[in-house]
Amino acid sequence: MKIGYRTIKTALGTPFAIWIAQMLQLENFASAGILTILCIQITRKRSFLSAWHRFSACLLAMGFSFAFFELLGYNPISIGLMLFAFIPATVWFKITPGIVTSSVIILHLYGSGDIGWSIIWNEVLLIIVGIGTALLLNLYMPSLEKKLNQYRKQVESNFSVILREIAQFLRNGDNDWTGKELTETANLLEKAKSLSYRDVENHLLRAHNHFYHYFHMRTKQFELLERMLPLVSRISSSDIHGIRMAEFFDDLADAVHPGNTAVIYLRMLKEMKEEFREDRLPETREEFEVRASLFHLLNEIEDYLIIKRSFKKSDV
């Protein structure tokens, strides 16, 4: 069983927050640990948002608690009526994630039987200790670059296999390819995009994220590859233009990498289109259908290359 960083942070931060609260001789000191548990998040951005939501909700809860408990008394009915007003207020202020945290503070104030400045100050310190501990721990986030590079290499390897299999089909007709790389690539791209989004949220001041844009680009290219397969199946292996396309796909398979060589292949594609246009017109229905599929395939691979050309590599 693998223990994640979030588990480790929770295990370290909870007792630390409780210890600090005890050192400050705060009432209900164990609640500082609860606040820490609730604020541990998987990215820095979520951590700061969580801290803001919970801190704001707790302050709002103190105001509502004082108003309702002092006016209506310290009884269960007061709690119910207060929640009827408090929860819609958190929705209006867009701090609903703090409802659970603030309920801890509400019950502390309810149990005190008399809300005074000493109780308010005690709760504020509990909030600061609990949320502050979580924020400090969340300043450290493990680098995701190694895993993202692994995904990148796997996706590029699968792209090469798919392009070679297309070339093989165009050259020799039907083969025994299982197509497992298609399913595998779709799963890899989903995982990679999810992980790259986490990487975005871990860099609050970075305006550009290379991996996020890279996997978005590969996803759009993969959709085009999937669209090419039915077109390829309609092209006869004896067609001379199909053989020329097979060589082109083989060249593309060798050039799947983060660098940007799309301009070279777009130029080659343009020359190929000119060759097709200068060739004699199809004489039979079958030749016409093959030629139409070839032109459609050329347009799809052109879009594939244009997507790559628009991708600008930057430092990770």
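**Exercise 1. Identify the helix that contributes the most residues to the nonpolar surface patch, and describe the patch.**

Solution. Helix α4 gives the most to the nonpolar patch, with three residues. The model under study is a predicted one.

Step 1. List the members: Leu71, Leu72, Ile77, Leu81 and Phe84 make up this patch on the surface. Together they have about 600 Å² of accessible area.

Step 2. Assign the elements: α3 (44–72) and α4 (76–92) are the elements that each give two or more residues to the patch. Leu72, for instance, is placed in helix α3.

**Exercise 2. Compare the chain over residues 52–69 with the chain over residues 81–107.**

Solution. Step 1. Consult the record: an unreviewed UniProt entry lists residues 52–69, 81–107 and 119–141 under "transmembrane region". Such annotations may be inferred rather than shown by experiment.

Step 2. Examine residues 52–69: this span is 100% helix and 0% strand, and its end C-alpha atoms lie 25 Å apart.

Step 3. Examine residues 81–107: here the chain is 78% helix and 0% strand, with the end C-alpha atoms 14 Å apart.

**Exercise 3. Determine how many cavities of 30 Å³ or more the whole structure holds, and characterise the largest cavity.**

Solution. Step 1. Count: a search of the whole structure finds one cavity of 30 Å³ or more. The space in the largest cavity amounts to about 100 Å³.

Step 2. Locate the lining: 13 residues line the largest cavity, and the closest to its centre are Leu252, Ala255, Tyr304, Leu305 and Lys308.

Step 3. Assign the elements: α9 (210–232), α11 (262–278) and α12 (285–310) are those that give two or more residues to this lining. Among the contributors, α12 gives the most, with three residues.

Step 4. Classify the lining residues: seven are nonpolar, four are polar and two are charged.

**Exercise 4. State how many salt bridges are counted, and describe the one between Glu156 and Arg218.**

Solution. Step 1. Apply the cut-off: a side-chain nitrogen of Lys or Arg must lie within 4 Å of a carboxyl oxygen of Asp or Glu. By this rule there are seven salt bridges.

Step 2. Examine the pair: the closest N and O atoms of Glu156 and Arg218 are 4.0 Å apart.

Step 3. Place the partners: Glu156 belongs to helix α7 (residues 145–172) and Arg218 to helix α9. The pair, 62 residues apart, links distant parts of the chain.

Methods. Residues are numbered from 1 along each chain as its sequence is written. This is a predicted model: local features need pLDDT of at least 70, side-chain atom pairs count only at pLDDT 80 or more; totals for chains, interfaces and linings use all residues. Side-chain values use heavy atoms; hydrogens and water are left out. Helices (H or I, at least four residues) and strands (E, at least two) are DSSP runs, numbered from the N terminus. On a 1 Å grid over the protein atoms alone, a cavity is a set of points where a 1.4 Å probe fits but cannot get out, and a pocket is an open set with protein on both sides within 12 Å along at least five of seven lines; lining residues have an atom within 4 Å of a point. Grid points are joined across faces, edges and corners, and a volume is the space filled by probe spheres set on the points. Ala, Val, Leu, Ile, Met, Phe, Trp, Tyr, Cys and Pro count as nonpolar, Asp, Glu, Lys and Arg as charged, and the others, Gly among them, as polar. Patches are made of residues with over 30% relative accessible area and no salt bridge: like charges are joined within 9 Å, nonpolar side chains (Val, Leu, Ile, Met, Phe, Trp, Tyr) within 5 Å. Accessible areas come from the Shrake-Rupley method with a 1.4 Å probe; for residues, only the protein chains shown count as cover.
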